[in-house]
2 protein chains.
Amino acid sequence: MSQRMSGGSTVAGQTAASKIFTILDAFVPDEPGLNLTQLSRRSGLPLATTHRLARELVGWGGLELDEAGTYRIGVRLWEIGSLAPVRGGLRELAIADMEDLYEATHENVQLAVRDGLEALVLEKISGRHSLEIVARVGGRLPLHATGLGKVLLAHAPESVVDAVIEAGLPALTEHTITDPAELRACLEGVRQNGFAWTRDEMTLGSVSIAAPIFGPNELVVAALSIVVRSRVTDVARLSPTVKTAARGLSRRVAASWHRIVPTPGSHEA
Amino acid sequence: MSQRMSGGSTVAGQTAASKIFTILDAFVPDEPGLNLTQLSRRSGLPLATTHRLARELVGWGGLELDEAGTYRIGVRLWEIGSLAPVRGGLRELAIADMEDLYEATHENVQLAVRDGLEALVLEKISGRHSLEIVARVGGRLPLHATGLGKVLLAHAPESVVDAVIEAGLPALTEHTITDPAELRACLEGVRQNGFAWTRDEMTLGSVSIAAPIFGPNELVVAALSIVVRSRVTDVARLSPTVKTAARGLSRRVAASWHRIVPTPGSHEA
């Protein structure tokens with residue numbers, strides 16, 4: 001995602017602002033801590049420039065620097081990021097329904113929106129006994145291999161489905177759907193059934209069951225899911241639970257839509 | 001460097017980076033959407049500069065611009081902010097204990113750290129029947145008038161207590177402690193009892209009960225609280241519940257401390 005817009009792969013002619021963005025884009029979930037050399041290499045900026053901008057970012061609170069010389073994203077950026085409507089509106093509205101679903105199942109409960117060609121996880125609730133899963137708040141999941149993703153993709157414009165297929169359907173396990181025709185048929189099923197499920201398609205041993213969250217005009221604005229262990233799972237029992245919770249949330253979302261700002265269109269794929 | 005710390009109130013001599021920070025700092029919880037004129041006025045930057053930088057920020061995904069011309073914090077900043085260790089480490093570790101506390105009480109459950117002279121809310125769980133409260137994830141609460149704040153202040157260096165008192169103890173309700181000596185006595189009680197509580201001190205009608213989260217070496221790294229309606233509350237019944245949950249979380253925090261990065265010191269007050 002970092003090469004997305006003006007985050008910049010070319011260094012020459014970059015504006016000062018884009019250099020800042022390039023430095024921030026260097027931090028990724030798999031490697032949230034970087035030293036100066038790594039930061040310079042990742043951002044493609046000279047060491048001196050990287051050092052100067054990183055120091056300014058630390059001064060502001062956007063980065064933190066520990067004694068070992070490792071930079072990390074700072075609390076000030078977390079705080080500012082929490083003002084993004086994507087979280088503020090939908091998440092606040094959804095938390096009570098997510099709690100209900102968690103209490104009824106004691107499984108991982110997740111809320112996601114589509115951002116470009118990926119699902120972006122807005123919130124996740126899990127307990128001590130829930131299955132450990134890969135999704136994290138602020139993390140991204142593939143659209144073709146997760147319950148959340150399939151729901152979001154099934155209700156996305158056809159051009160998005162085409163783009164996902166064109167980008168390739170990587171096999172995350174031996175059960176991932178990698179055939180375009182099979183994926184399209186699966187999405188049709190999702191639309192007809194009103195929910196999506198995956199078994200072992202993202203991670204071996206886990207099943208996800210997801211249902212759409214509708215805003216006004218039957219527009220799908222998000223997806224709600226639970227993720228459980230494959231072996232203990234009875235999809236026929238769990239899918240009505242997820243659908244019921246999603247329907248309740250949809251009602252509240254549709255009623256409060258004027259307060260929720262639509263998820264961004266300005267940098268969608 | 002010193003005038004950059006606050007995001008810059010002086011415009012002359014500002015670096016390009018600090019101008020970006022000034023623009024981002026203009027967005028606050030009470031007013032998360034700003035038009036160009038407001039953004040320019042708030043940041044103290046000329047309209048043309050504001051427009052150019054805002055457009056760069058929109059291109060990157062750090063701001064969003066809707067059809068009405070309103071700028072808001074964008075999903076990219078939310079996503080990057082979610083990489084901050086303050087959230088990533090402690091929040092992920094705490095969520096299961098917070099769930100337990102929520103299920104036992106069905107009240108608002110909150111986790112906060114001290115950031116400078118305020119409490120910063122890292123996570124909040126609430127249900128359909130919980131009392132509606134002012135705290136939001138990423139929001140800040142006063143140290144002298146909330147349960148979370150009193151716990152964090154009671155275990156902060158004496159210099160922090162002095163600074164809070166020096167900054168003034170605003171009366172948020174008629175029950176807020178505004179007398180320095182009374183506050184110091186209250187904090188002593190918090191240390192002795194192992195928990196803090198407030199009644200109607202932040203908001204009329206609500207009681208908060210909070211307990212410290214200890215890291216290694218008996219260092220207090222966070223506070224856990226529940227907030228309930230004043231009239232239904234039996235502090236004697238609820239405080240052991242909160243203390244028990246906090247103790248369980250403290251054990252896990254101390255055991256995983258090597259994976260949790262300490263909350264930032266680089267821009268503390």
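Visitor: What links D25(A), D115(A), E118(A), R140(A), R76(B) and E79(B)?

Guide: These six residues are joined in a network of salt bridges. A salt bridge is assigned when a side-chain nitrogen of Lys or Arg lies within 4 Å of a carboxyl oxygen of Asp or Glu. The model is predicted: local features need pLDDT of at least 70 and side-chain atom pairs count only at 80 or more, whereas totals for chains, interfaces and linings use all residues, and side-chain values rest on heavy atoms, with hydrogens and water left out. Residues are numbered from 1 along each chain as its sequence is written, with chains lettered from A and ligands numbered from 1 in the order of writing.

Visitor: How do you know that R76(B) forms a salt bridge with D25(A)?

Guide: The closest N and O atoms of R76(B) and D25(A) are 2.8 Å apart. The limit is 4 Å, so the pair qualifies. Across the interface of chain A and chain B, the rule finds six salt bridges, while the structure holds 30 over all chains.

Visitor: What else joins chain A and chain B across the interface?

Guide: There are 14 residue pairs in polar contact, both residues being at pLDDT 80 or more. A polar contact is a pair of N or O atoms within 3.5 Å; within protein, one must be able to donate a hydrogen and the other to accept it, and residues adjacent in sequence count only if both atoms are side-chain atoms. Under the broader criterion of contact (heavy atoms within 4.5 Å), 70 residues of chain A meet 71 residues of chain B. The two chains bury about 6,000 Å² between them, 60% of it on carbon and sulfur atoms. Buried area is the accessible area (1.4 Å probe) that two parts lose on being put together, summed over both.

Visitor: What makes E123(A) a partner of R91(A)?

Guide: Their side chains meet in a salt bridge at 2.5 Å, N to O. The pair links distant parts of the chain, with E123(A) in strand 4 and R91(A) in helix 5 of chain A, 32 residues apart. Helices (H or I, at least four residues) and strands (E, at least two) are DSSP runs, numbered from the N terminus. E123(A) also meets R91(B) in a salt bridge, at 2.6 Å, N to O. That second pair crosses between chains, from strand 4 of chain A to helix 5 (residues 85–105) of chain B.

Visitor: Why are E123(A) and R91(B) called buried?

Guide: Buried means under 20% relative accessible area, exposed over 50%, and partly exposed in between (1.4 Å probe, protein chains only). E123(A) has 1% relative accessibility and therefore counts as buried. R91(B), at 1%, is therefore buried too. R91(A) is likewise buried.

Visitor: Why is E31(B) called partly exposed?

Guide: Its relative accessible area is 32%, so E31(B) falls between the two limits. R42(B), at 37%, is therefore also partly exposed. E31(B) and R42(B) form a salt bridge, with their closest N and O atoms 2.3 Å apart. E31(B) sits in the loop between helix 1 (16–25) and helix 2 (36–43) of chain B and R42(B) in helix 2, so the pair ties together parts 11 residues apart in sequence.

Visitor: What makes L143(A) buried, and which residues is L143(A) in contact with?

Guide: The relative accessible area of L143(A) is 2%, so the residue satisfies the buried criterion. L143(A) belongs to the loop between strand 5 (140–142) and helix 6 (147–154) of chain A. Beyond its neighbours within four places in sequence, its contacts include R114(A), L117(A), L152(A) and V164(A).

Visitor: How do you know that helix 6 of chain B is mostly covered?

Guide: Eight of the eight residues in this helix (residues 147–154) are buried. Among them are G147(B), K150(B) and A154(B).

Visitor: Where in chain A is confidence lowest, and where highest?

Guide: Confidence is expressed as pLDDT, the predictor's confidence in each residue from 0 to 100. In chain A, helix 5 is lowest at a mean of 80 and helix 6 highest at 97. Over residues 1–11 of chain A the pLDDT is below 50, although this stretch has 25 contacts in the model beyond near neighbours in sequence. Residues 262–269 of chain A are also below 50, with 17 such contacts. Where pLDDT is low, the predicted coordinates should not be read in detail. Chain A has a mean pLDDT of 86, and 88% of its residues reach 70 or more. For the complex, the predictor gives an ipTM of 0.77 and a pTM of 0.77.
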